[in-house]
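Reader: I would like to learn how to read a model like this one, feature by feature. Could you walk me through it?

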Amino acid sequence: MGNVLIVAEIQKGKIREASYELASFASKLGKDVKSLVLGSGVAAEADAFAAKGGGEVLLVDDEAVANYNVDAWTRAIRAAVDATSPDVVLISNTPSGWDVAPRVAAALDAAFVSDCFGVESDGGNTVFLRRVFNGKLDARIAPSGDVAVATMQPGATPAFEGSTSGKVDKLDVSFDGLKAKFVEVREAEAKGVDLTKAEVIVSGGRGVGDPEKFQEVIQPLADALGGAMGASRPVVDAGWLPHEYQVGSSGQVVTPKLYIACGISGAIQHLVGMKASNFIIAINKDGDAPIFEVADLGVTADLFEVVPALTEAVKTAKG
Ligand SMILES: Cc1cc2nc3c(=O)[nH]c(=O)nc-3n(C[C@H](O)[C@H](O)[C@H](O)COP(=O)(O)OP(=O)(O)OC[C@H]3O[C@@H](n4cnc5c(N)ncnc54)[C@H](O)[C@@H]3O)c2cc1C
C-alpha cells in the first residue's frame, strides 16, 4: 500500500490546475494520499485541496516559500517526506517542478523519472509512463528503491473530480541560512493564446502557404468552433505566427478534445505535441502524409476547398 506525496503549487494565490491533476494521478495508485501545500496566507486553498483529492495536507505557511525558491522548496519537501514516509513523490512538470524535483530526488537518494504522462500500479509496483525517442515509443518505468520522485506533465490527465475527507496540519520548517534568495517576479508580456487550455485547436502548416491565409482560412474555423489557432514549426520559423502558436516537440504539447490539422505533413516532432488529442481530423492533399496515421478522420483534399466549407457548415449549424 504505502503513501503517495503530492507537492501542490500555488500560482497567484490559488492551487494550480496541475496540482489537481496530480491528485487525479495519485488516486489511481491505491495508496494513502498526502500532500504538501507551500505558500503564504494560503490556508483556505490548503483546505480546498484537502477536500478535493489532496487527502491529508501538510501546510507550510511561510513567506520563504511564497515564491519559488529552490533552496526553501527543497527543504520543505524533504521535511514533508520525513513526516509522511512516501514511496512515491509526485511533482508537476512545471518550470519550478522540473527545477526542484531532481534536487529533491538527489537529496533523498531516490529514483527520478521526469515528464511522465501516466502512472499506474502494476501488481503493487508503481509504473510511470513517459514518451521517449521524440514520441516514437512509450516507455514503462518501474523505479527501484524505497522512494521514487516523478514529474508529471500538466494536461495529461483531467483534474481530480469529486470530494475527499482530508485534513490540514501545519508543518514547521526552518528556513534559516537559505543560500538562494527570492528577489522579484517579472511577468512575461501577456500571450495571445494558451494552447494548453484550448478544447479545440485548428492548426495550419506550411501547406497554408502564407500568413494572410492563416487569418483568412484557419482563424475563422477556429473562431467558429470557439477554439484556438495553432501551427507547425515552419510557420513559426517563417515568422507567420509567434512561437506560442507552435505545436510540437519544441513548441506546446496539447491535448484538446478536437485537433484539426490543415496542410500539416505529420512529422514526428509535430505528432509528439498533439497525438494525445481526443479526436484528430487531418486535411491534406497528399493521401500518403503521415498525419493520417494518427488521424481519427482523414480528408484527402485541398484545404482551401474544405476548410472554408467546414467553417460555413459550423456557422450554419450553430445558427
Ligand atoms: C529538433 C527539431 C524540433 C522540431 N520541432 C517541431 C515542432 O515543435 N513542431 C513542428 O511542427 N515541427 C517541428 N520540427 C519540424 C518538423 O520536423 C517538420 O519539418 C515540420 O513539422 C513540418 O511542418 P509542416 O507539416 O507544416 O510542413 P511540411 O512537412 O512541408 O508539410 C506541408 C504539408 O501540407 C500539405 N499541403 C500543401 N498544400 C496543401 C493544400 N492546399 N491543401 C492540403 N494540404 C496541403 C502537403 O501535402 C504537406 O503534407 C522540428 C524539427 C527538429 C529537427
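**Reading the model**

Author: Let's begin with one residue: T311 has a relative accessibility of 4%, so T311 counts as buried. Buried means under 20% relative accessible area, exposed means over 50%, and partly exposed lies in between, computed with a 1.4 Å probe on protein chains only. Before going on, note that this is a predicted model, in which local features need pLDDT of at least 70 and side-chain atom pairs count only at pLDDT 80 or more, while totals for chains, interfaces and linings use all residues. Residues are numbered from 1 along each chain as its sequence is written, and side-chain values use heavy atoms, with hydrogens and water left out.

Reader: Where is T311 placed, and which residues does T311 touch?

Author: T311 sits in helix 9. Helices (H or I, at least four residues) and strands (E, at least two) are DSSP runs, numbered from the N terminus. Not counting residues up to four places away in sequence, T311 touches V217, P220, L221 and A224. Contact here means heavy atoms within 4.5 Å.

Reader: What span should helix 9 have?

Author: The expected span of a helix is 1.5 Å times one less than its number of residues. Helix 9 has 16 residues (303-318), so it should span 22 Å, and its end C-alpha atoms are indeed 22 Å apart.

Reader: Which residues of helix 9 are buried, and why do they line one face?

Author: The general idea comes from the helix repeat: an α-helix has 3.6 residues a turn, so residues three or four places apart point the same way. In helix 9, the buried residues are L303, V307, T311 and V314. Seen down the axis of helix 9, these buried residues fall within an arc of 65 degrees, so they line one face of the helix. The arc is that of the directions from the helix axis to the C-beta atoms. On the other side of helix 9, E305, T316 and A317 are exposed. The cover over the buried residues includes helix 5 (211-224), strand 15 (258-262) and strand 16 (279-284).

Reader: What happens at the N-terminal end of helix 9, and what just after the helix?

Author: At the N-terminal end, D302 acts as a cap, with a side-chain oxygen 2.8 Å from the backbone nitrogen of F304. A polar contact is a pair of N or O atoms within 3.5 Å; within protein, one must be able to donate a hydrogen and the other to accept it, and residues adjacent in sequence count only if both atoms are side-chain atoms. Just after helix 9, G319 takes a positive phi of about 80 degrees.

Reader: Which residues other than glycine have a positive phi?

Author: As background, most residues other than glycine have a negative phi. Among the exceptions here is K12, at about 50 degrees, in the loop between strand 2 (10-11) and strand 3 (14-15). K12 is exposed, with a relative accessible area of 69%. Another is S85, at about 45 degrees, in the loop between helix 3 and strand 6. S85 is also exposed, at 56%. D109, just after helix 4, has a positive phi of about 55 degrees.

Reader: Which residues are buried in helix 4, and what do they pack against?

Author: S96, G97, V100, A101, V104 and A105 are buried in helix 4. They pack against helix 3 (70-84), strand 6 (88-92), strand 7 (111-116) and strand 11 (148-152). The 14 residues of helix 4 (95-108) should span 20 Å, and the end C-alpha atoms are 21 Å apart, which agrees.

Reader: How many disulfides does the structure hold?

Author: A disulfide is a covalent bond between the sulfur atoms of two cysteines. The test is a pair of cysteine sulfur atoms within 2.5 Å, and this structure holds zero. C116 is buried, at 0% relative accessible area, and C262 is buried with 0% as well.

Reader: How many residues surround the ligand, and which are the closest?

Author: A residue is near a molecule if one of its heavy atoms lies within 4 Å of it. Here 25 residues surround the ligand, the closest being S232, S250, S265, Q269 and N284. An N or O atom in the side chain of S265 is 2.7 Å from an oxygen atom of the ligand. For Q269, a side-chain N or O atom is likewise 2.7 Å from a ligand oxygen atom. Q246 has a polar side-chain atom 2.8 Å from an oxygen atom of the ligand.
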